[in-house]
Amino acid sequence: MNADALTTPAPRAPRPSADPGQPHPGTAHAPAPRAVDRKPATPARRGAADPVKALMHRHRELCERAVDPLEIAAGLEAHGVTDRTAARFRHRDVFSLAEEMYARVPRDDAAPAHAGPVTEPAPRATWALLALLPGVLCAATVTGVRLTDGRLRLTVAVVGVLAVALGVRVALSRGPLSNPPGTHAWRTPPGTRLWTYWLLAYALLGDGLLRGTDDGGPDGLPTGLAGGLWPTATAPVLALTLACAPAAWCAHHFAVRARRKLATSRGLEDFADSAQPLLLGTFALFVCALTALLALCGAALDEPAAYAQGITLGALLLLARLLTVHGFTHAPTVALGAAAVTEGTALAVDLIGRLPGCGFLATPVETVLDSLGPGGIPALACGGAALILLFHTTRTLTRASAHAPTNEPR
């Protein structure tokens with residue numbers, strides 16, 4: 001009996017210290033331990049309560065390198081995140097979502113904060129003077145050509161053209177018309193430079209060449225610049241080189257004001273609605289400045305101002321440069337190339353039309369020449385390309401992703 005009394009409490013002893021993962025057979029009816037319930041439920045509840053975490057993981061590099069919430073908002077917008085998408089992350093717009101993402105990224109205390117309002121810096125004297133360089137060199141070249149003759153004139157013309165090309169390249173290397181720092185992928189494509197050189201050369205020599213071929217064909221072409229028989233349109237080219245200064249100021253004005261509107265906007269559509277009038281106003285301001293320069297150069301050189309050719313070409317070059325500066329290089333190359341190919345095709349067709357039996361090919365060109373004159377070809381080519389590029393620009397440069405902090409003018 002004493003033995004039974006000693007052995008009866010044996011089954012009760014292991015119950016308080018039983019392993020939760022391996023319950024005792026006698027306690028199979030008991031509820032599961034709390035640790036087992038907590039383990040699968042925690043991840044599901046955390047994912048539902050924190051929808052921003054997965055988005056931050058997908059855009060981890062963007063969040064880590066951002067210097068302010070605006071850069072994150074621009075990056076999200078570039079990846080297709082809209083205000084409607086932000087609503088699924090329990091935010092009213094992309095800007096609010098970007099602010100939370102920026103605040104949740106761990107940063108050093110010494111990291112600079114750029115969340116304050118954007119202030120417009122005064123234009124730097126360096127790029128302001130460089131923007132005047134092409135116009136000064138072109139004015140000196142025109143003066144030298146007019147004061148010389150014969151082979152010396154040809155030498156002055158060639159040296160002057162090279163100097164102006166170098167001046168334009170230097171002017172585009174600094175300031176608002178330059179590529180953003182550290183963005184090698186955004187360098188001006190070689191095709192853009194080639195088409196630009198062609199358009200400027202046609203503005204100088206194209207009308208005279210087209211007029212000569214239309215009057216007498218290949219036998220009636222002028223002998224060249226050395227004899228002074230090839231008429232050149234120096235007034236529009238001089239005005240375009242002088243227009244580098246207002247173009248730089250307009251680009252600077254648009255970039256700074258767009259960043260300021262981006263800082264005060266509370267939605268992507270709100271920013272687009274405010275940026276579009278700014279872009280169109282800046283474009284109209286440049287056109288007015290170019291028109292005044294054309295009138296001034298035409299009066300100073302006693303030549304036709306060539307408003308149609310000069311304005312359309314200047315507008316096309318400004319829009320192409322604005323897109324290139326903000327990282328969009330494909331559309332400018334296509335637009336400039338289309339205008340250049342149109343001019344070259346018109347000139348080639350007019351030359352071929354002088355051959356026996358090929359006169360019908362030159363009918364469209366002759367129709368334009370009879371109604372609009374030689375300047376109608378570049379006006380139609382550059383004007384059509386500029387209109388298409390303006391429509392594309394109003395859809396591209398009014399997006400927040402086009403105004404990331406790295407695009408701010410130096």
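In this predicted model, helix H15 (residues 330–352) packs against helix H16 (residues 363–372). Their axes lie 8 Å apart and meet at an angle of about 105°. H15 is therefore roughly perpendicular to H16, since angles of 65 to 115 degrees count as such. On the H15 side, the contact involves Ala346, Val349 and Asp350. On the H16 side, the partners are Val365, Glu366 and Leu369. By class, four residues of this contact are nonpolar and two are charged. No polar residue takes part.

Helices H15 and H16 belong to a protein with 17 helices and zero strands. Of its 410 residues, 42% are buried. The exposed surface of the protein comes to about 22,100 Å². Carbon and sulfur atoms supply 64% of that area. Among contacts with a separation of 6 or more, 76% join residues 24 or more positions apart.

One aromatic pair is present in the structure. The ring centres of Trp198 and Tyr202 are 6.4 Å apart, and the ring planes stand at 35°, so the pair is tilted. Planes would have to be under 30 degrees apart to count as stacked, and over 60 to count as edge-to-face. Both residues lie in helix H10 (residues 190–216). Four residues separate Trp198 from Tyr202 along the chain, about one turn of the helix. The two partners are covered to different degrees: Trp198 is partly exposed, with a relative accessible area of 35%, whereas Tyr202 is buried at 4%.

How values were computed: Residues are numbered from 1 along each chain as its sequence is written. This is a predicted model: local features need pLDDT of at least 70, side-chain atom pairs count only at pLDDT 80 or more; totals for chains, interfaces and linings use all residues. Side-chain values use heavy atoms; hydrogens and water are left out. Rings of Phe, Tyr and Trp (its six-membered ring) pair if their centres lie within 6.5 Å; planes under 30 degrees apart count as stacked, over 60 as edge-to-face and the rest as tilted. Helices (H or I, at least four residues) and strands (E, at least two) are DSSP runs, numbered from the N terminus. Buried means under 20% relative accessible area, exposed over 50%, partly exposed in between (1.4 Å probe, protein chains only). Contact means heavy atoms within 4.5 Å. Accessible areas come from the Shrake-Rupley method with a 1.4 Å probe; for residues, only the protein chains shown count as cover. Axes are lines fitted to C-alpha atoms, for helices over the stretch in contact, and angles run from 0 to 180 degrees between N-to-C directions. Angles under 35 degrees count as roughly parallel, over 145 as roughly antiparallel, 65 to 115 as roughly perpendicular and the rest as oblique. Ala, Val, Leu, Ile, Met, Phe, Trp, Tyr, Cys and Pro count as nonpolar, Asp, Glu, Lys and Arg as charged, and the others, Gly among them, as polar.
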